[in-house]
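Let's take a walk through this fold, starting from a single residue and working outwards. Keep the viewer open as you read.

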Amino acid sequence: MSFVAWIVLGLVAGALAKLLLPGRDPGGLVVTTLIGIAGSFVGGWLSAKILHRPVTAHFFDLATWGAAIGGALVLLILYRLVFGHSRS
């Protein structure tokens with residue numbers, strides 16, 4: 001997949017992660033979106049390195065989406081744990 005495809009996938013993965021983890025995020029919509037993009041990259045990298053299941057080049061592959069959404073969820077949870085009380 002191209003770099004732009006990973007960004008689009010990250011945007012969607014970030015939105016889905018936000019739906020799965022409702023509540024107020026410390027950074028708002030922009031930071032949540034950036035976390036989704038970073039999470040898609042992290043999820044794809046972890047899938048290839050740790051699980052020995054490289055992400056395919058197909059945009060509509062279930063493993064690709066699972067890795068991206070999983071990465072976004074992990075980063076969103078970590079972000080909330082670290083910066084969760086900085087905004088009232």
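Start with Ile-35, which sits in helix α2. Is Ile-35 buried or exposed? Its relative accessibility is 11%, and because the cut-off for buried is under 20%, Ile-35 counts as buried. Keep in mind that you're looking at a predicted model.

What does Ile-35 touch, once you set aside its neighbours within four places in sequence? The partners are Ala-72, Leu-75, Leu-76 and Tyr-79. Those four also appear on the α3 side of the contact between α2 and α3. Looking the other way along the chain, Ala-17 lies 18 residues from Ile-35, and their C-alpha atoms are 9.6 Å apart.

Now zoom out to the helix pair. Two packed helices are described by the angle between their axes and the distance between the axes. For α2 (residues 28-49) and α3 (residues 62-83), the angle is about 125 degrees and the axes are 6 Å apart. That makes α2 oblique to α3, and the crossing is right-handed. On the α2 side, the residues that meet α3 include Val-31, Ile-35, Ala-38, Val-42 and Ser-47; on the α3 side, Ala-67, Gly-71 and Leu-75 are among them. The residues of this contact split into 10 nonpolar and 8 polar, with no charged ones.

Helix α2 has another partner to look at. Helix α1 (residues 3-20) and α2 have axes that come within 7 Å and cross at roughly 115 degrees, which means that α1 is roughly perpendicular to α2. This crossing is right-handed too. From α1, the contact draws on Phe-3, Trp-6, Ile-7, Gly-10, Leu-11, Gly-14 and Lys-18, while α2 supplies Thr-32, Thr-33, Gly-36, Ile-37, Ser-40, Phe-41 and Gly-44. Sorted by type, these residues come out as 6 nonpolar, 7 polar and 1 charged. If you compare the lists, Thr-32, Gly-36, Ser-40 and Gly-44 of α2 turn up in the contact with α1 and also in the contact with α3.

Finally, the whole chain. The protein chain has 3 helices and 0 strands, giving the pattern α-α-α along the sequence. Of its 88 residues, 31% count as buried. The accessible surface is about 5,500 Å², and 75% of that belongs to carbon and sulfur atoms. How far apart in sequence are the residues that touch? Among contacts between residues at least 6 apart, 77% join residues at least 24 apart.

Methods: Residues numbered from 1 in each chain as written. Predicted model: local features only at pLDDT ≥ 70, side-chain atom pairs only at ≥ 80, totals over all residues. Heavy atoms only, no water. Axes fitted to C-alpha atoms, helices over the stretch in contact; angles between N-to-C directions. Helix = DSSP H or I, 4+ residues; strand = E, 2+ residues; numbered from the N terminus. Parallel < 35°, antiparallel > 145°, perpendicular 65-115°, else oblique. Left-handed = near helix turned anticlockwise from the far one by under 90°. Contact = heavy atoms within 4.5 Å. Nonpolar A, V, L, I, M, F, W, Y, C, P; charged D, E, K, R; others polar. Buried < 20%, exposed > 50% of the residue type's maximum accessible area, 1.4 Å probe, protein only. Areas by Shrake-Rupley, 256 points an atom, 1.4 Å probe, with all protein chains shown as cover.
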